Amino acid sequence: AAITAPRPSPYDGGGNYGGPDDLYLLPTSATAAQVVSHNSGAHTLSVDTYSTRTWKQAGARRTISLAGWDRWGGIYAAPKGDIFVLVGRANPTQNDNLDVVAVRRYNAQWKLLGTGYVKGGVTQTFKGIYEPFAAAGARMLMVGSQLVVDMGRTMYSGGDGLHHQSDLMFTVSVPGMKTTVVTGQTPFSS
C-alpha cells in the first residue's frame, strides 16, 4: 500500500505558526518500521508495520482510538521502546478542573500502560489552557525516568479579553504517569 500523508503540511500557505505532525515513522527492529498516522476526523491513530527490506506491509493495520480527545499533540518514541501519545481537548468554559491534556504511554505492541493528565487551570507564568497545542507543535524528550513535554497553548482570557499564546512545560514521571508543571518562566514564554 502506498504511504500518503493524511493532510497537507501545516506550513502550506505560509503563516508564522506551526502544528503537530500527523505522520510518524517509528523503527521497531532492524527489519521493521511502523508508519503511524493521525486521523483527525476519526480521532484515531492508524499503525501500519512495514518490512525495512522490502517496504511491503507486514500484518494488518492497527487502529488506536483517541475518542474524547480531539486536539492532537504528537508522538514520541522513547529510547527504551515506550511510545508516548499527546492529545488534548479545548476548554472553552475555562474549567480549572477539566483534564485538558493527556499523555498516553504505550509499549511497542501498542498496549496502553498508563495515562497522565494536565488540568485546565494549570499555571506557569500565565494561567490556564484554553486550547492545547495552539499555533505550535509539541516537543517531548525522555530524561532518565522523566518525560519532558513543551507544548503550545492559548491561555485563559486576560484583561483584554483575548486568549494569548504561550508554551507550557511539564514533566511526566514514568512509570507512574504523574504530571508536574515546571515552575517559573520557561525559556520560551513571552
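Over how many bridges do strand 1 and strand 2 pair, and in which sense? In this predicted model, strand 1, which spans residues 23–27, pairs with strand 2 over 5 bridges in the antiparallel sense. Within this pairing, proline 27 has alanine 33 of strand 2 as its bridge partner. The two strands form a hairpin, with 4 residues between strand 1 and strand 2.

Strand 2 covers residues 32–39, and 7 of its 8 residues are buried, so the strand is largely enclosed by the rest of the structure. Strand 2 is also joined to strand 3 (residues 44–51) by 8 bridges, and these two strands run antiparallel. Alanine 33 takes part here as well, with tyrosine 50 as its bridge partner in strand 3. Strand 2 and strand 3 form a hairpin that has 4 residues between the strands, and histidine 43 in this hairpin takes a positive phi near 55°. Strand 3 is in turn joined to strand 4 by 4 bridges, again with the strands running antiparallel. In that pairing, the bridge partner of valine 47 is arginine 62 of strand 4.

Taken together, these 4 strands form an open sheet in the order 1-2-3-4, with antiparallel pairing. Its edge strands are strand 1 and strand 4 (62–65), each of which pairs on one side only. From one strand to the next, the twist averages 25°.

Another open sheet of 4 strands has the order 5-6-7-8, and its pairing is antiparallel. Strand 5 (71–77) and strand 8 (112–119) are the edge strands of this sheet, and each pairs on one side only. The twist in this sheet averages 15° from one strand to the next. Strand 7, residues 99–106, is joined to strand 8 by 7 bridges, and the two run antiparallel. Arginine 104 has threonine 115 in strand 8 as its bridge partner.

The loop between strand 6 (83–88) and strand 7 contains aspartate 96. This residue is partly exposed, with a relative accessible area of 33%. Leaving aside residues up to four places away in sequence, aspartate 96 touches Lys119, Gly120, Gly121, Lys127 and Tyr156. Two of these contacts involve polar side-chain atoms. The side chain of aspartate 96 makes a polar contact with the side chain of lysine 127 at 3.1 Å, and another with the side chain of tyrosine 156 at 2.9 Å. Aspartate 96 and tyrosine 156 lie 60 residues apart along the chain, and their C-alpha atoms are separated by 9.9 Å.

In soluble globular proteins, nonpolar side chains tend to be buried together. In this model, the largest nonpolar core has 21 residues, and those with the most contacts inside it are Phe84, Leu86, Val101, Val103, Leu147 and Phe170. Strand 6, strand 7, strand 13 (146–154) and strand 14 (165–173) are the elements that give two or more residues to this core. A second, separate core consists of 16 residues, among them Tyr24, Leu26, Ile83 and Ala102.

The surroundings of valine 101 can be described further. Not counting residues up to four places away in sequence, valine 101 touches a set of residues that includes Trp69, Leu86, Val87 and Gly88. Gly116, Tyr117 and Val118 are also among the residues in contact with valine 101, as are Ile129, Pro132, Phe133, Met151 and Phe170.

Notes
Residues numbered from 1 in each chain as written. Predicted model: local features only at pLDDT ≥ 70, side-chain atom pairs only at ≥ 80, totals over all residues. Heavy atoms only, no water. Pairing = 2+ DSSP bridges. Axes fitted to C-alpha atoms, helices over the stretch in contact; angles between N-to-C directions. Buried < 20%, exposed > 50% of the residue type's maximum accessible area, 1.4 Å probe, protein only. Contact = heavy atoms within 4.5 Å. Polar contact = N/O pair within 3.5 Å; in protein donor to acceptor, adjacent residues only side chain to side chain. Core = buried A, V, L, I, M, F, W, Y, C linked by side-chain atoms within 4.5 Å.
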